[in-house]
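Me: I should like to understand how the terms used to describe a protein model are justified. May I put some questions about the one shown here?

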Amino acid sequence: MCLLPLVAAAVSAPRTPLLLLGRGLVAAMSTTESLKSVDYEVFGNVQGVCFRMYTEGEAKKIGVVGWVKNTSKGTVTGQVQGPEEKVNSMKSWLSKVGSPSSRIDRTDFSNEKTISKLEYTNFSIRY
C-alpha cells in the first residue's frame with residue numbers, strides 16, 4: 001500500500017485545531033461561534049418507542065451535548081447545549097422527527113440562553 005498520497009494530503013491540509021469530544025475528533029469551534037443551552041419537553045406518544053435512544057443518537061450525530069430522560073407524566077425532557085446552529089437543528093428534530101414510532105404533539109422549549117462554555121462532555125440518557 002502506498003502512503004505517499006496520504007502523507008502529502010496530511011502535510012498540505014489546513015491546520016484546524018481538533019478537540020476530543022465523546023468518542024471522536026471534531027474541529028474546534030471558532031471564537032465567534034456562540035454557544036446555546038436550551039431545556040425541552042416533548043409531548044405525545046414518546047415513551048416506549050425508543051425516543052430517548054434515537055434522541056441520543058441524533059444529538060451525537062449533530063454534535064451537541066446534554067441529556068434526555070422520561071418523566072412520570074409520560075413526556076420526555078432534557079437539555080441540549082452546543083453551537084447555536086447545531087442546537088437549532090436538534091430543536092427542529094425534537095419538534096418534527098423523533099423516533100420512527102413516536103408521535104410528537106408538541107415540544108416546549110424553555111430557558112434558552114447563551115453560555116460561555118459547555119456544561120457536559122457528551123449526550124446521555126438519564127434514568
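Reply: Let us begin with a term that will be needed shortly: a polar contact is a pair of N or O atoms within 3.5 Å, of which, within protein, one must be able to donate a hydrogen and the other to accept it. Please note also that this is a predicted model.

Me: What makes the pairing of the side chains of Gln79 and Tyr120 a polar contact?

Reply: The distance given for these two side chains is 2.9 Å. The cut-off is 3.5 Å, so a pair of suitable N or O atoms at that distance qualifies. The side chain of Gln79 has a polar contact with that of Asp39 as well, at 2.7 Å.

Me: Why is Gln79 called buried?

Reply: Its relative accessibility is 11%. Buried means under 20%, and therefore Gln79 belongs in that class. The residue lies in strand E5, which covers residues 76–83. Beyond its neighbours within four places in sequence, Gln79 is in contact with several residues, including Val38, Val65, Trp67 and Phe123.

Me: Which residues does UniProt list for "active site"?

Reply: The UniProt record, an unreviewed entry, lists Arg52 and Asn70 under that heading. They are spread over 19 residues of sequence, yet they cluster in space, with a largest C-alpha distance of 7.7 Å. Such annotations may be inferred rather than shown by experiment.

Me: Why does Arg52 count as partly exposed?

Reply: The value for Arg52 is 22% relative accessibility. Partly exposed covers what falls between the buried class, under 20%, and the exposed class, over 50%, so Arg52 is partly exposed. This residue is in helix H2, residues 51–62. Among its contacts outside four places in sequence are Asn70, Val76 and Tyr127.

Me: What makes Asn70 buried, partly exposed or exposed?

Reply: Asn70 has 26% relative accessibility. That value is neither under 20% nor over 50%, and therefore Asn70 counts as partly exposed. Asn70 is found in strand E4, residues 65–70. Leaving out residues up to four places away in sequence, Asn70 touches Val46, Gln47, Arg52, Thr75 and Val76.

Me: How many helices and strands does the whole protein have, and what share of its residues count as buried?

Reply: There are three helices and seven strands, arranged along the sequence as α-β-β-β-α-β-β-α-β-β. Of the 127 residues, 35% count as buried.

Technical notes. Residues are numbered from 1 along each chain as its sequence is written. This is a predicted model: local features need pLDDT of at least 70, side-chain atom pairs count only at pLDDT 80 or more; totals for chains, interfaces and linings use all residues. Side-chain values use heavy atoms; hydrogens and water are left out. Helices (H or I, at least four residues) and strands (E, at least two) are DSSP runs, numbered from the N terminus. Buried means under 20% relative accessible area, exposed over 50%, partly exposed in between (1.4 Å probe, protein chains only). Contact means heavy atoms within 4.5 Å.
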